Amino acid sequence: GQAVQFDKDNGDTLWWDGNLKEMKNVRPAVEVLEKDVKDLPVGYQEITCHMIFDVKMGENFRRKARFVADGHKTQTPAAMTYSSVVSRDSVRICLLVAALNNLDVLACDIQNAYLCADCRERIWTRAGPKFGSEAETPMLVVKALYGLRSSGAASRALLAETLVKLGYKPSYADPDVWMRPAVRPNGSEYYEYVLCYVDDVLCISADLMKTMLGVQAVEVQADFKLKDNKIAEPDVYLGATLV
């Protein structure tokens, strides 16, 4: 399409590389149907999909492609679509708590966060040309594909289950601020915090190397893959510059 033409005009393959990377990541989200579409159980809805493109300004103008389902065309119960995110006020309060209690802060991104969770809807689609040799093949959507109405809630539920396994509990004031009791190296007690905004995770602890690079990083990645396996001190979070 037009993205390929841009590559030809520019004499590079940046948009094509973005396409290939996205389709590699999204392929596990669908399964080829072993039977005719007419034999699907009652309740399955056909859906169309499309690609969207973006330029990541903060990543050396990296070209990014995203395979998205046309979820606005489906009928989905409201109970399956709600997903909360951490509030900016909660972020400010937790960063203040970190500063006052001499706690460290690290951040990470979950790669293709939605695709880690199972699809909550009965959806099938017919593969387009981006699927190469599988084009025109009917496929079941088995993971929470971007664009589906239920994907945000499914992804948040899976992340919540993972944090519960690690001993965290949601705070009463904000369900996307997770906390667990911990002990400093000097023996004093305090709380560790994890703040979640879709695929952006912020961890506050007195022993971050142990928390994120040790137990947490290993167990979280059993369900979620961290983007580029990168865990670092944040310079920006939710659009705000941190100094």
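Two strands count as paired when DSSP finds at least two bridges between them. Keep that rule in hand for the first stop on this tour of a predicted model.

**Stop 1: the four-stranded sheet**

Select E1, E7, E6 and E2. These four strands form an open sheet in the order E1-E7-E6-E2, and the pairing is mixed. Look at the two ends. Strand E1 (30-32) and E2 stand at the edges, each with a single partner strand, so one side of each has no neighbour in the sheet.

Now walk across the sheet. Start at E1. E1 and E7 run antiparallel, joined by three bridges. Pick valine 32: its bridge partner in E7 is methionine 139.

Step on to E6. Three bridges also join E6 to E7, again antiparallel. Select threonine 125, and you will find methionine 139 of E7 opposite. Methionine 139 thus faces valine 32 and threonine 125.

Finish at E2. Strand E2 (residues 45-46) pairs with strand E6 (residues 123-126) in the parallel sense, over two bridges. Show glutamate 46 here; tryptophan 124 in E6 stands opposite.

**Stop 2: the whole chain**

Zoom out. The chain has five helices and 14 strands. Of its 243 residues, 43% count as buried. Colour the surface by element if you like: the accessible surface comes to about 13,900 Å², and 53% of that belongs to carbon and sulfur atoms. Take contacts between residues at least 6 apart in sequence: 66% of them join residues at least 24 apart.

**Stop 3: the nonpolar cores**

Nonpolar side chains tend to be buried together in soluble globular proteins. Select Leu145, Leu148 and Val194. They have the most contacts inside the largest nonpolar core, which has 38 residues. Then add the elements around them. Helix H2 (14-26), strand E4 (62-69), strand E5 (104-110), strand E7 (138-141), helix H4 (151-165), strand E10 (189-197) and strand E11 (200-205) each supply at least two residues of this core. Which of them gives the most? H4 does, with five residues.

There is a second, separate core, of 14 residues. Select Ala98, Tyr190, Leu202 and Ile204 to find it; they are among its members.

**Stop 4: leucine 159 on H4**

Go back to helix H4 and select leucine 159, which lies in it. Is leucine 159 buried or exposed? It counts as buried, because its relative accessibility is 8% and the cut-off for buried is under 20%. Now draw a distance to isoleucine 110. The two C-alpha atoms are separated by 10.0 Å, while the residues are 49 apart along the chain.

**Stop 5: the aromatic pairs**

The structure holds two aromatic pairs. For the first, select tryptophan 15 and phenylalanine 53. Their rings are edge-to-face, 5.6 Å centre to centre, with 85° between the planes. Tryptophan 15 lies in helix H2 and phenylalanine 53 in strand E3 (residues 49-56), so the pair ties together parts 38 residues apart in sequence. The two partners differ in cover: tryptophan 15 counts as buried at 11% relative accessibility, whereas phenylalanine 53 counts as partly exposed at 39%.

For the second pair, select phenylalanine 67 and phenylalanine 131. This pair is edge-to-face too, at 5.5 Å centre to centre and 85° between the planes. Phenylalanine 67 sits in strand E4 and phenylalanine 131 in the loop between E6 and E7, so trace the chain from one to the other: the pair links distant parts, 64 residues apart. Here phenylalanine 67 and phenylalanine 131 are buried.

**Stop 6: serine 90 on H3**

Select helix H3 (residues 88-100) and pick out serine 90 in it. Serine 90 is buried, with a relative accessible area of 12%. What does serine 90 touch, leaving out residues up to four places away in sequence? Show Asp174, Val177 and Leu195, and you have the contacts.

**Stop 7: the cysteines**

End with two cysteines. Cysteine 94 is buried, with a relative accessible area of 7%. Cysteine 196 is buried as well, at 4%. How many disulfides does the structure hold? Zero.

Conventions:
Residues numbered from 1 in each chain as written. Predicted model: local features only at pLDDT ≥ 70, side-chain atom pairs only at ≥ 80, totals over all residues. Heavy atoms only, no water. Disulfide = S-S within 2.5 Å. Buried < 20%, exposed > 50% of the residue type's maximum accessible area, 1.4 Å probe, protein only. Contact = heavy atoms within 4.5 Å. Core = buried A, V, L, I, M, F, W, Y, C linked by side-chain atoms within 4.5 Å. Areas by Shrake-Rupley, 256 points an atom, 1.4 Å probe, with all protein chains shown as cover. Phe/Tyr/Trp six-rings, centres within 6.5 Å; stacked < 30°, edge-to-face > 60°.
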